[in-house]
Structure formats: C-alpha cells, structure tokens
Amino acid sequence: MQEFIRHLGAENVHVISVCQPTVPVLAAVSLMASRGEATPRSLVMMGGPIDARCSPTAVNNLATRNPLSWFENNVIHTVPAPFPGQGRRVYPGFLQHAGFVSMNPSRHLMSHWDFYTDLVKGDLSDADAHRRFYDEYNAVLDMPAQFYLDTIEVVFQQFLLPRGEWYVRGEHVDPSAIRTTALLSIEGELDDIAGLGQTEAAQALCTGIPASRRSHFIVEGAGHYGIFSGRRWREVVYPTVRDFFARHAQPHTAGKPRKKAVINSNVTPLRRPAQR
C-alpha cells in the first residue's frame, strides 16, 4: 500500500479501503506519517475490522474460538496441478465462498426463491439484478496462505492495531501520527461481517487528525455488501464519499502535534451518534 500511494503521489490521492484492506491501509499511512512522509489527502474506511473486539460477529467468534494452527490445518490447501499457481499454499476461494453463504443461509435461500418467482412472473429486471449481484458475490479468488494467516493472527486474535502493539519490520504502527489526512469511517447498520464500532474505532486511534477533519457515517438498513454496492451505495454512500472528497480537495497543513493518546486495550472506543 505504501508503494502504491507513493507511486500515485500521496499529496493528490484519496484512498478508499473496503473491509479487510482498512487495516493495512491505516497501517501504511500511519508508518508514512511517522517517518514524516507525505500522506493522502483523505482516507475512507468502509466496513473494516479496525478493532474486531467491538460488536463481535460470527467471523470474529470463529477466529477467537480456534487457535491459529486450526486455520493452518483446516483451511489452507496447496493448489494442485495443472492449475495456475500450482504448488502455492492458499486459502481457496471456494472455501471462502462457503463461509460467506453459511453465515446467512436463509437469506440466500430467500434470494434464490425470489429470483425464481421473478422469472415465473416475467419480472426480468429484478431477475437481472439478482444475476449481477451473484455474479460478483460468487467470484472469490484464492488468498495467499501467509496473508490470510497473518490477518487472522494480527487482526482477529491479537488485535495489535487498536492495542497499540503492532510493529511492522521493527516500526511501530501509530495512527496518532497521521495529521494532514482527513478521515471518513463508514459502517452498515446491519453489517454481519464487520460489526458496528469496528470501523469507527479508527476515529479513536487517529487522534492527530483534528475533529473537524474526521467524520463517521452509519448507513441505515445496509448490510456489509450494501455499503459498497447496489442502490444504497449509489444513492446514499457514494454521495457522502464524493462530498467528503470535495471538502478535502486541497492539501492540509498540520498545526502543532497533539499529545499521543494512551490506548487502553480493555476499553471499547467511544460511539458517537450516527450522522444522518
């Protein structure tokens, strides 16, 4: 992420991170800020597990219920010949997909039943919408084993980022070092993957960003996928992101550094009322 941001030119970049990438994106910008490098004009964090201790979901419970060795022994497999990437250890896409479906089997069952009835009624518009959604939902790539296992350990088991104990190649990941980048966190009211408060936790960590340049938004009635795809994305979330970019289109000069906050690993970050 640091390489991408530098290549594009941090001073002119707005970064959007969705779900898992929120954690490495926040870490990348934190490290750049700690070194005195330029950082993006804004960060938008959507439905990600910045602090997976908040409002635990089925995903979080699975990660804390089993040791890291369980994941390595049960979900990591080697790509067989003659497929591309043969010999690589991965978390296969078909297992990820099965996990997604298993969290809400009744919802998927009803969705497919509605699809069938739409076809019977000749409602091809809704049927096409169903096809478009599941064409994307079902397209899950294999994930490199090292990345997956590191994510389980760092994000979902040890909670190193919100506890202030994450070091990358000897460098401390300190979000409070970010001062010139605006921050917008977005959560879905009904998100069953990254529960309410998990993404908002970034607000409590980024104490170097003035409150006037930090915003949090809860999308009413939206699940995990609803915050970045479909009607709610087009009509509610995208306009919010667009306007946020516009407000922070110009580079910002930081004032005097704030004192670093002491992060108490036993305290859930403060919740603020949702912006409507």
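**Note on the predicted model**

1. Of the 276 residues of the protein, 42% count as buried. The structure under discussion is a predicted model, and its local features are considered where pLDDT is at least 70. The secondary structure of the protein comprises eleven helices and nine strands.

2. On overall dimensions, the C-alpha trace spans about 65 × 40 × 40 Å along the principal axes of the protein. The radius of gyration is 20 Å, which agrees with the value near 19 Å for a compact globule of 276 residues. The protein exposes about 15000 Å², and carbon and sulfur atoms supply 56% of that area.

3. Contacts may be considered by their separation in sequence. Among those in the protein with a separation of 6 or more, 77% are accounted for by residues 24 or more positions apart.

4. M46 offers an example from a strand, being found in β2, which covers residues 42-46. Its relative accessible area is 1%, and because buried means under 20%, M46 is classed as buried. Leaving aside residues up to four places away in sequence, M46 touches I16, S17, V18, C19 and T22, and also I186, T199, I227, F228, W233 and V237. S34 stands twelve residues from M46 in sequence, yet the two are 23 Å apart in space, C-alpha to C-alpha.

5. L205 offers an example from a helix, for this residue lies in α10, which runs over residues 201-205. With a relative accessible area of 8%, L205 is below the 20% cut-off and is therefore also buried. L205 and D174 are separated by 31 residues in sequence, while their C-alpha atoms are 8.2 Å apart in space.

6. The second largest pocket merits separate mention. The volume of this pocket is about 830 Å³. Its lining is made up of 23 residues, and those nearest the centre of the pocket are M1, P24, F147, W166 and V168.

7. Which helices each supply at least two residues of the lining of the second largest pocket? They are α1 (2-8), α2 (22-34) and α8 (145-157). Sorted by class, the lining of this pocket contains 14 nonpolar residues, together with four polar and five charged ones.

Definitions and conventions:
Residues are numbered from 1 along each chain as its sequence is written. This is a predicted model: local features need pLDDT of at least 70, side-chain atom pairs count only at pLDDT 80 or more; totals for chains, interfaces and linings use all residues. Side-chain values use heavy atoms; hydrogens and water are left out. On a 1 Å grid over the protein atoms alone, a cavity is a set of points where a 1.4 Å probe fits but cannot get out, and a pocket is an open set with protein on both sides within 12 Å along at least five of seven lines; lining residues have an atom within 4 Å of a point. Grid points are joined across faces, edges and corners, and a volume is the space filled by probe spheres set on the points. Helices (H or I, at least four residues) and strands (E, at least two) are DSSP runs, numbered from the N terminus. Ala, Val, Leu, Ile, Met, Phe, Trp, Tyr, Cys and Pro count as nonpolar, Asp, Glu, Lys and Arg as charged, and the others, Gly among them, as polar. Buried means under 20% relative accessible area, exposed over 50%, partly exposed in between (1.4 Å probe, protein chains only). The radius of gyration is taken over C-alpha atoms; the globule rule is 2.2 Å times the number of residues to the power 0.38. Contact means heavy atoms within 4.5 Å. Accessible areas come from the Shrake-Rupley method with a 1.4 Å probe; for residues, only the protein chains shown count as cover.
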